[in-house]
Every structure is written in C-alpha cells, then in structure tokens.
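Q: Could you take me through this model one feature at a time, giving the general idea first and then the case at hand?

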Amino acid sequence: MIEIIFQKDWDGRCMYRHIMERLSAFPAQTGKILFDEERKKLRIHTDDLPKEAFYTIKEAVYEFIVIKKRDDWFRGILSERFFYQDTGEQDQILDIIYSVIEGHREDLASFVTGPDEKGYVLEAINEIFKGSISFSFDSFVMFRLKPFLDVLRSFVEIAIDEYKLEQDYQMFIQTLREFLCGRTPLHEHVHVKLDNETVFFNSDFMEIKRSELVKGIDRKLLGNHPVYVDSVTIAPLLSMAPSTIYLYTDEPEQPLVRTIGNIFEERVKLCPLKALQRNNGHSNEKVQ
C-alpha cells in the first residue's frame, strides 16, 4: 500500500479525483483508492492491481504534479518570491510561461536550464511506487522534486524579464502615439521601402534624400528617447506625421514593421515590394 499525506486537503481531494477519473476504464479497481478527508491521507492499495491500472495511477499522479499543481506553484513563486500579487499580472506572466513550455517561444526557451521535466518527475514517481511506503506529499515535492521546482523558477524569471520588456515597449509606444497626436502632417502620403535598406518616397514616388529626412527630424524625439527611437525610419515618420504610410516589405512580421504598425495604427498600409516596383513613377492613386 502507498499512503500519501497532505498538508492541504484540497491537494488530496484533487489528486484523488484525478486518479478516479483516470481509472474510469478500470471500474473494478476504483475501490482500491481511498481518501480520508479528516486525516488528509490518500491510500492506494497496489496489491493485485492489473499492470495497466497500476501504470494509469502513476500517470495520474504525474499529471497532477506537472499539470494541475504546476499552475499553483507558478503563482506561488510569482507571489511569494517576486511579489506579483495581482492576478491580472500573474495571468499575463503565465501566458508567457506557457507559450515557452508549449514551444511557441524558442527565443526564450534556450534560457531555461535544468533537468528534463517529464523524465525527472516520472523517475521520482517510479521510485515511490516500487513498494509499500507512507510519505508526505509536501516533503516529497520540497526535497525530491527540488530540481523540478528550480526549473519552474527559471521559467518564471525568464517570463518576468519578458513581461517587463513588453511593459516598457507598450509605454514607449504610448509615448510616441501621444507625440504624434495633433501634429500637422508634413506629407499627406509617404511610401517607405523596407528591404536591404530603408528608402522614403513622397506621394509622387520621388525619393526623399537621407539629408532631407535627417534635417526634418524633430530633435525632441532623439533627446527624449535616444535608445528606442530608430533615427533611420521611425523618427522621420513621426516628424513628418503623414496621414497614410505605404509600407513596402516582404517581411511583414519583422519587429520594425510591428512597431511602425503599433505607433501609426490605421495610417499604415502594408504592401509587398513588387507593388512598389509596379507603381514607381506613377500617381499615388494607383497604389490605393
């Protein structure tokens, strides 16, 4: 028999319910799983368990740890270690964490170090299922799964750094929107080619020389935001404040395009590079 003692009866009830759900395919074996709510003890009678049911129980315990409890541990780390008490902020950071876990943020995943999550937790669970044992779930987590918790902390630290960068980025975007608000357009329409180099054209598709662009930059931009404002593209656009920006690129997902779109919003019209070649030298109406 395996006996698991819990400090929190919620943990015990949750693990018990999850095991019972997973054992629904083995109804004859459900009587071997008992939860004593008063003593917060979960008893698993492993004698004469069919091999398939035995493995199903181990899988259920694994799922409880790495899926159902993981979210609680992430929130606990955010709250107790990094003092993020607001659930809204926690949710935003958790979105980043799970985007890394699910493989959507390879740029961040490389910064997470530690043992293989699945292999390490399964190994620890296999050890306690080798024979009869009584143990504290919380002690098991604290000591046996410490490397696993360290990996969770790594995820949290990386996600917090990314969250702070995103907050800074949003503040930067809002500041530039406010700078743009109310400015009189110096050009009604501007065409911008983003390729190996950035080239500006006026509404008649005449190239605007770099010297003219530099001369027209509002110096308050570079003085107030020397690190963030791109003096090649964003600063000239903000200074000209055009009503419409035709942006020609074959890489619409690149960060610069995203930033220009976030600042100028509905003023931006994305076009492929071939559209510029087709319309170069023609009137602006043909592009529209």
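Q: Which residues does glutamine 29 touch, leaving out those up to four places away in sequence?

A: Contacts between residues that are not close neighbours in sequence are a good place to begin reading. In this predicted model, glutamine 29 touches Leu23, Asp48, Leu49, Pro50 and Ala53, not counting residues up to four places away in sequence. Glutamine 29 is found in the loop between H1 and S2.

Q: Is glutamine 29 buried or exposed?

A: The word is decided by a cut-off, since buried means under 20% relative accessible area. Glutamine 29 has a relative accessible area of 13% and is therefore buried.

Q: How should I read the sheet to which S2 belongs, and in what order do its strands lie?

A: A sheet is read from strand to strand across its width, and the order need not follow the sequence. Here four strands form an open sheet in the order S2-S3-S1-S4, with mixed pairing. Strand S2 (33–36) and strand S4 (133–136) each have a single partner strand and stand at the edges, so one side of each is left without a neighbour in the sheet. From one strand to the next, the twist averages 15 degrees.

Q: Which pairs of strands account for the mixed pairing, and how many bridges join them?

A: The direction of each pair has to be read separately. S1 (residues 2–5) and S4 run parallel and are joined by four bridges, with isoleucine 2 standing opposite isoleucine 133 in S4. S2 and S3, by contrast, run antiparallel, again with four bridges, and the bridge partner of isoleucine 33 in S3 is isoleucine 44. S2 and S3 form a hairpin with four residues between them, and lysine 40 in the turn has a positive phi of about 55 degrees.

Q: Where do the side chains of S2 point?

A: For a strand, one follows the side chains residue by residue and asks which face each of them takes. Along S2 they alternate: Ile33 and Phe35 point to one face and are buried, whereas Leu34 and Asp36 point to the other and are not buried.

Q: Which helices lie across this sheet?

A: For a packed helix, one notes the strands in contact and then the angle. Helix H1 (residues 9–22) lies across S1, S2 and strand S3 (41–44), and runs at about 160 degrees to S2. Helix H6 (residues 137–144) lies across S1 and S4, at about 75 degrees to S4.

Q: How do I read a helix such as H3, and which of its residues are buried?

A: An α-helix has 3.6 residues a turn, so residues three or four places apart point the same way. Helix H3 (residues 87–101) has 15 residues and reaches 20 Å from its first C-alpha to its last, close to the 21 Å expected at 1.5 Å a residue. Its buried residues are Gln90, Ile93, Leu94, Ile96, Ile97, Tyr98, Ser99 and Val100, and what covers them includes H2, helix H4 (106–109) and helix H7 (146–180). At the N-terminal end, aspartate 86 caps H3, with a side-chain oxygen 3.0 Å from the backbone nitrogen of glycine 88. H3 is followed by glycine 103, whose phi is positive, near 85 degrees.

Q: Which residues of the largest nonpolar core touch the most other members?

A: A core is best read through its most connected members. In the largest nonpolar core, which has 55 residues, these are Ile19, Ile65 and Phe148. The largest share of this core, 13 residues, comes from helix H2 (residues 51–81). Beyond residues up to four places away in sequence, isoleucine 65 touches Arg70, Trp73, Val121, Ile125, Phe137, Phe140, Leu145 and Phe148. Another core, of 28 residues, lies apart from it and has Tyr169, Leu176, Val190 and Val229 among its members.

Q: What is the strand order in the five-stranded sheet, and which helix packs on it?

A: The same reading applies again, from order to edges to packing. This open sheet of five strands has the order S7-S6-S5-S8-S9, with mixed pairing. Strand S7 (207–208) and strand S9 (268–271) are the edge strands, each pairing on one side only. Helix H11 (residues 255–264) packs on the sheet, touching S5, S8 and S9, and its direction makes about 150 degrees with that of S9.

Q: What does threonine 259 contact beyond its neighbours within four places in sequence?

A: Threonine 259 lies in helix H11 and is in contact with Tyr169, Phe172, Ile173 and Ile234. Threonine 259 and tyrosine 169 are 90 residues apart in sequence, and 9.2 Å apart in space from C-alpha to C-alpha. With a relative accessible area of 10%, threonine 259 is buried.

Conventions. Residues numbered from 1 in each chain as written. Predicted model: local features only at pLDDT ≥ 70, side-chain atom pairs only at ≥ 80, totals over all residues. Heavy atoms only, no water. Pairing = 2+ DSSP bridges. Helix = DSSP H or I, 4+ residues; strand = E, 2+ residues; numbered from the N terminus. Axes fitted to C-alpha atoms, helices over the stretch in contact; angles between N-to-C directions. Contact = heavy atoms within 4.5 Å. Core = buried A, V, L, I, M, F, W, Y, C linked by side-chain atoms within 4.5 Å. Buried < 20%, exposed > 50% of the residue type's maximum accessible area, 1.4 Å probe, protein only. Expected span 1.5 Å × (residues − 1). Polar contact = N/O pair within 3.5 Å; in protein donor to acceptor, adjacent residues only side chain to side chain.
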